[in-house]
Amino acid sequence: MAAAVKTDMTFAVLHFTRNQFLTEGPMDPVVNPGTEATHYHSIMGGSNFGINTRGDDLLSSDCTTTTIKNDKSNYWVPTLFFQDPKDQSSFEKVPLYYMNVYYFFEPSNSTIEPFPAGLKMLSGDTKTRDPPAFGGGRNLDPTKGPIQQIQWTCPRQSYDPPSYPVNSDGTMAGLQDPNDKGAGAGFPLYDCDGTYSPLRQDIHFPSCYNPEAGLDDYENNMAWPTTVDGLQACPAGWVHVPHIFYEVYWDTPSFKDRWTPDGKTQPFVLSNGDATGYASHGDFISGWDQDTLQTIIDTCNVGTSGMENCPNIPGGVNDNKECSIAPAIGTMVKASQVLKSLPLNVPVTGWGKGGVTSGSGSDSGSDSSASSSSSKEPASSTYAASTAAAKESSTSEATKAAEATSQATEEVSSPTGGAFLQLPNDASSSSAEVAAPAVTAAAEAASPVVDSNAAAGNANANANVMTVYDYVTVTSTTTVLPEATPVLRRRRAPYHTHGHLNRHVHGDFAGRR
């Protein structure tokens, strides 16, 4: 019988100070340090984020988007885009609805220790277009079968018809989670119309760290714990660190009137060109003050109410809601901006797009010589095209078929989501063509700036960024009872009314307590 060091599961959810990312762009200091990344990302966390971020760089960040002052970590994912069914060469960025990061401290036969500063992690496979071997369900224990840590959750008013075809083999549509009608592997084929719960990207990370591999070796420095006598166990010599889980809610309801579900296709694609959703993934670099995280591990079990409610947090709670930085490479894609291709001309592949059903997708980039299958004249790209590292013939065909264009059109007269858009000073009030975001020579992260026109006398603080104000009236909440007032943020769901918390506490993790 394994000796229990921690016998019960505790957890706390890390919230962010606002429903906007710290920055966006083709940057990934985990996989592509020092250079342009293969695709566009959306990043949360500490302001020292840049293409060369490593070690204790994040600890000296001037600000962070997390609600805990001493968490300067970075959390990021590929950005979600809407590919217009009426014009397959038209792409719009899907706005963030909100994002949470769960910190699970599970029953263990060893102590759970804080992340070392600068630890780099990657969870998921950006190149795959294959259905997961485990199927549509989730599995985080390697003794129970292939790891399946990536899912999409889509709460709906009715699951008739189901979100995934009943007999799907995963090659042309996703796979249903057998234990949850609202979740599965791959993008669902119907609109997510559940209360306060649009399409959600779910990403779990492993929690065993190998000090011998080191902080930067993201391909070898992490492993999934096994379960021994109901307790989690890491390999000998490895360190048990917190199990983190990203849930990223995307504002897909803003596009619900622009596509008609047919049970065969759906319009959302990731910035790495993935039309299946199988290649969802997340990156992490730790910027935690270790004493602060250790205190949370040892004393905090506030659940979904948030880490900001943990007792005696060293450093306290962060109330800075203006933390943002300019991207180190390129400029951010604006809300309601219409692109003629994904950023970096990444081709769309998977489920029949780009000639690919299953099999590896492109390496999230496109060769500069890629030809277009469209009769349209390809526009010259201001991004440096990334070379695809695909080895399979289906990938090569998909890359050749991709439309090599990044000319963008900004339609400022029709903002999505009923939001009020604050445009850069030189923006026209009518539709106007704009160039795709250009690559800059900058190799370091920019210093923090507040949103455009946010401060008096600083009207051009970030002229390339458009601030989106979404005025929402809160009518109910399960934790506080203020008089209903308009707020400048989107509403979080009343704590997990869609029921997925039970899966965390009583489902997959129950056997490990």
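**Exercise 1.** Is serine 341 buried or exposed, and at what relative accessibility?

*Solution.* The model is a predicted one, and the place of the residue in the chain is the starting step: serine 341 belongs to the loop between strand 22 (337–339) and helix 2 (393–401). The next step is the accessibility, which for serine 341 is 4%, so that the residue counts as buried, given that the cut-off for this class is under 20% relative accessible area. The last step turns to the side chain, which makes a polar contact of 2.9 Å with the side chain of asparagine 345.

**Exercise 2.** Determine which residues lie closest to the centre of the second largest pocket, and then describe the setting of threonine 126.

*Solution.* The second largest pocket holds about 700 Å³ of space. Its lining is made up of 39 residues, and those closest to the centre are Leu122, Ser123, Gly124, Asp125 and Thr126. Strand 8 (120–124), strand 9 (150–153), strand 14 and strand 20 (281–285) are the elements that contribute two or more residues to the lining. Sorted by class, the lining consists of 17 nonpolar, 15 polar and 7 charged residues.

Turning to threonine 126, one finds it in the loop between strand 8 and strand 9. Its relative accessible area is 17%, and threonine 126 is therefore buried. The side chain of threonine 126 also makes a polar contact, at 2.9 Å, with the side chain of asparagine 272.

**Exercise 3.** Work out the order of the strands in the open sheet of 3 strands, and state how they pair.

*Solution.* The order is 14-13-17, and the pairing is antiparallel. The edges follow as the next step: strand 14 (222–223) and strand 17 (239–240) each pair on one side only. Between strand 13 (residues 208–209) and strand 14, which run antiparallel, there are 2 bridges. At the level of residues, tyrosine 209 stands opposite methionine 222 in strand 14.

**Exercise 4.** Examine the backbone at proline 161, serine 336 and tryptophan 351, and report the geometry and the location of each residue.

*Solution.* Taking the peptide bond before the torsions, the bond from aspartate 160 to proline 161 is cis, with omega near 5°, and proline 161 sits in the loop between strand 9 and strand 10 (175–177).

For serine 336, phi is near 65°, which is a positive value in a residue other than glycine. Serine 336 is placed in the loop between strand 21 (324–325) and strand 22, and its relative accessibility of 5% means that it counts as buried.

For tryptophan 351, which is likewise not a glycine, phi is positive at about 55°. Tryptophan 351 lies in the loop between strand 22 and helix 2, and with a relative accessible area of 11% it is buried.

**Exercise 5.** Identify the residues that touch the most other members of the largest nonpolar core, and find which element supplies its largest share.

*Solution.* The largest nonpolar core has 54 residues, of which Tyr75, Met99, Tyr103, Phe115 and Tyr246 touch the most other members. Several elements give two or more residues to this core, including strand 1 (10–14), strand 4 (74–78), strand 18 (243–250) and helix 1 (290–299). The largest share, 5 residues, is supplied by strand 7. A second core, separate from this one, has 15 residues, among them Ile51, Leu58, Trp76 and Ile329. As general background, nonpolar side chains tend to be buried together in soluble globular proteins.

Note on methods: Residues are numbered from 1 along each chain as its sequence is written. This is a predicted model: local features need pLDDT of at least 70, side-chain atom pairs count only at pLDDT 80 or more; totals for chains, interfaces and linings use all residues. Side-chain values use heavy atoms; hydrogens and water are left out. Two strands pair if DSSP finds at least two bridges between them. Helices (H or I, at least four residues) and strands (E, at least two) are DSSP runs, numbered from the N terminus. On a 1 Å grid over the protein atoms alone, a cavity is a set of points where a 1.4 Å probe fits but cannot get out, and a pocket is an open set with protein on both sides within 12 Å along at least five of seven lines; lining residues have an atom within 4 Å of a point. Grid points are joined across faces, edges and corners, and a volume is the space filled by probe spheres set on the points. Ala, Val, Leu, Ile, Met, Phe, Trp, Tyr, Cys and Pro count as nonpolar, Asp, Glu, Lys and Arg as charged, and the others, Gly among them, as polar. Buried means under 20% relative accessible area, exposed over 50%, partly exposed in between (1.4 Å probe, protein chains only). A polar contact is a pair of N or O atoms within 3.5 Å; within protein, one must be able to donate a hydrogen and the other to accept it, and residues adjacent in sequence count only if both atoms are side-chain atoms. A nonpolar core is a set of buried Ala, Val, Leu, Ile, Met, Phe, Trp, Tyr and Cys residues joined through side-chain atoms within 4.5 Å.
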